[in-house]
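Trainee: I have a new model open and half an hour to spare. Can we go through it together?
Mentor: Yes, ask as we go.

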Amino acid sequence: MTALRRTLVVAEMQGRDLLRRRAVMTLFVLLPAAFYYSVPASEDYGLIAGSMGVSWAVAAAGMFGILGWRRADPRLALAGAPAHQGFLGRLVLILLLALGLVAVFAPQILWRSGALLVDRPTAALGLALMAVVSVPLGLAIGALVPRELEGTLVLIGIVGVGSSVPMDTAVAQTLPLWGPLRVLQVAAGLTDGTTAGGVTHALISALLLLGLAYWSWHRRVRIARS
Amino acid sequence: MGGPDGPPYGRLMTNEPALEAVGLVKSYGRHRVLDDAAFRVDRGEAVAIIGENGAGKTTLLRICAGLLSTDAGTVRRYGRVGYCPQEPGVVDLLTAEQHVRLFGAAAGLPRTEARTTGFALLDALGFPTGDRALAKDLSGGTRQKLNLALALLADPTLLLLDEPYQGFDLGSYVDFWAHVDTWRDQGRAVVVVTHLLTELDRVDRVVEVRDGVAGDPVAVTT
């Protein structure tokens, strides 16, 4: 019970912390919209831009969630909170926020770009996968870099390269966002492939990023044994 | 403070160690900060760590807390540790009450107990407990009181305090040293990193960190 309570209290406090960053939360909601609505509804690139906006917003929330607590987290560990409970609380909170963002944003895409889509449920799946991969991406960056500036530059690199490299190249397929983008391509009828490859890639990427995020996080908050 | 014939203040003096550190070595790149440093504190004892800027005081304290790894050497801590860093390790956008709940949950305290204990500690340190301001909006000294209260929340045996009075007004500063006496009398081991040499008569021993070595304890005379 204590473990569950610790996890929930961390999630609650992380939520309070993020919700009080009003400018950040406003951008969190507006960023995907800005990316998406800047592209005419008749162009299928709008799907890519909108999904990248989701990735940006979600990954940034995860990254700032970690970096904003970098001084407090080791103290929480010293006070007795096992590393996995603090991490889990944060993961749950950011994931809920991310899926909430998709719930708000996906209907707009499905409505505005409906004429471009051959499979609307698959498009919604692609957006959800984009959020699912971007949560551990943001957490991993936050746990690996020392400061916000470095983290933002790394995020720009990963999301920017992911959206500009041709999808069929080997480089693109090594990037974490390839899977959700492939699913969106399938939804828009832009490729002959199936969703299975994209879904598998997305889930494996999410798990690998989650592992990397936890490993880095654990190193940061680890208390040396006496 | 205390003469050679008996324990100072008639306090609870034990030879029960709260912290034992032996052979500590720590380098940052090519710069060796600690070189075979050793350090011991018993329960019911207050120790001041002094040294020049960059001598390695904070490094020594962080290693003792377990927050920093060593290149060599061992640290043994007996009981729970409370650590108060020089720069408040708090979350800017949470209130004091939320910090108390968060750190209380981390320590496994029930919510009510965390609040009761936390507010009592804050009150004792002169923190305006009715203040619902976010940590980022607190003055430096008030923020540091929150920082210090969080270190005490889990009833630690060993208190490691890194210049914990930063930003305190004079009254709070005087009260702080009175609290050190109280904590020591309660049987805690209290380690204070300080630059204020005028207060060294308030502790039982002074350890100087110089050239990477935590020097032999210097007896404090009154």
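Mentor: One term before we start: helices and strands here are DSSP runs, numbered from the N terminus, with at least four residues for a helix and at least two for a strand. Also keep in mind that this is a predicted model.
Trainee: Okay. Where is A:Arg71 found, in those terms?
Mentor: A:Arg71 sits in the loop between helix H3 (45-67) and H4 of chain A.
Trainee: And what does A:Arg71 touch, leaving out residues up to four places away in sequence?
Mentor: It touches B:Glu87, B:Pro88 and B:Gly89.
Trainee: How exposed is A:Arg71?
Mentor: Its relative accessible area is 49%, so A:Arg71 counts as partly exposed. The exposed class is for values over 50%.
Trainee: How far is A:Arg71 from A:Leu181 in space?
Mentor: The two C-alpha atoms are 36 Å apart, and the residues are 110 apart in sequence.
Trainee: Back to H4 of chain A. How many of its residues are buried?
Mentor: Eight of its eight, so the helix, residues 72-79, is mostly covered. Among the buried ones are A:Asp73 and A:Arg75, along with A:Leu76 and A:Leu78.
Trainee: What comes just after H4(A)?
Mentor: A:Gly80, which takes a positive phi of about 130°.
Trainee: Zooming out, what is the secondary structure of chain A?
Mentor: Chain A has ten helices and zero strands. The radius of gyration is 18 Å, close to the 17 Å that the globule rule gives for 226 residues, so chain A is as compact as a globular protein of that length.
Trainee: What box do the C-alpha atoms of chain A fill?
Mentor: Roughly 60 × 35 × 35 Å, taken along the principal axes.
Trainee: What share of chain A is buried?
Mentor: Buried residues make up 51% of the 226. The accessible surface of chain A is about 9800 Å², and 68% of that belongs to carbon and sulfur atoms.
Trainee: What about contacts between residues far along the chain?
Mentor: Take the contacts in chain A with a separation of 6 or more: residues 24 or more positions apart account for 76% of them.
Trainee: And how many charged side chains of each sign does chain A have?
Mentor: There are 18 positive and 10 negative side chains, and the centres of the two sets lie 17 Å apart.
Trainee: Switching to chain B. Which residues there have a positive phi without being glycine?
Mentor: Two to look at are B:Asp36, with phi near 60°, and B:Asp155, with phi of about 55°. B:Asp36 is in strand S2 (residues 31-42), while B:Asp155 is in the loop between helix H4 (140-152) and strand S6 (158-162) of chain B.
Trainee: Are they buried or exposed?
Mentor: B:Asp36 counts as exposed at 52% relative accessibility, and B:Asp155 is exposed with a relative accessible area of 52%.
Trainee: What is the confidence like in chain B?
Mentor: The mean pLDDT is 87, and 90% of the residues score at least 70. Over residues 217-222 the pLDDT is below 50, and that stretch has eleven contacts in the model beyond near neighbours in sequence.
Trainee: Which elements of chain B have the lowest and the highest mean pLDDT?
Mentor: Strand S10 (residues 218-219) has the lowest, 45, and S6(B) the highest, 96.
Trainee: And what does the model score overall?
Mentor: ipTM 0.85 and pTM 0.87.

Notes
Residues numbered from 1 in each chain as written. Chains lettered and ligands numbered in written order. Predicted model: local features only at pLDDT ≥ 70, side-chain atom pairs only at ≥ 80, totals over all residues. Heavy atoms only, no water. Rg over C-alpha atoms; globule rule 2.2 N^0.38 Å. Buried < 20%, exposed > 50% of the residue type's maximum accessible area, 1.4 Å probe, protein only. Contact = heavy atoms within 4.5 Å. Areas by Shrake-Rupley, 256 points an atom, 1.4 Å probe, with all protein chains shown as cover. Lys, Arg positive; Asp, Glu negative; His and termini not counted. Charge placed at Lys NZ, Arg CZ, Asp CG, Glu CD. pLDDT = per-residue confidence, 0-100.
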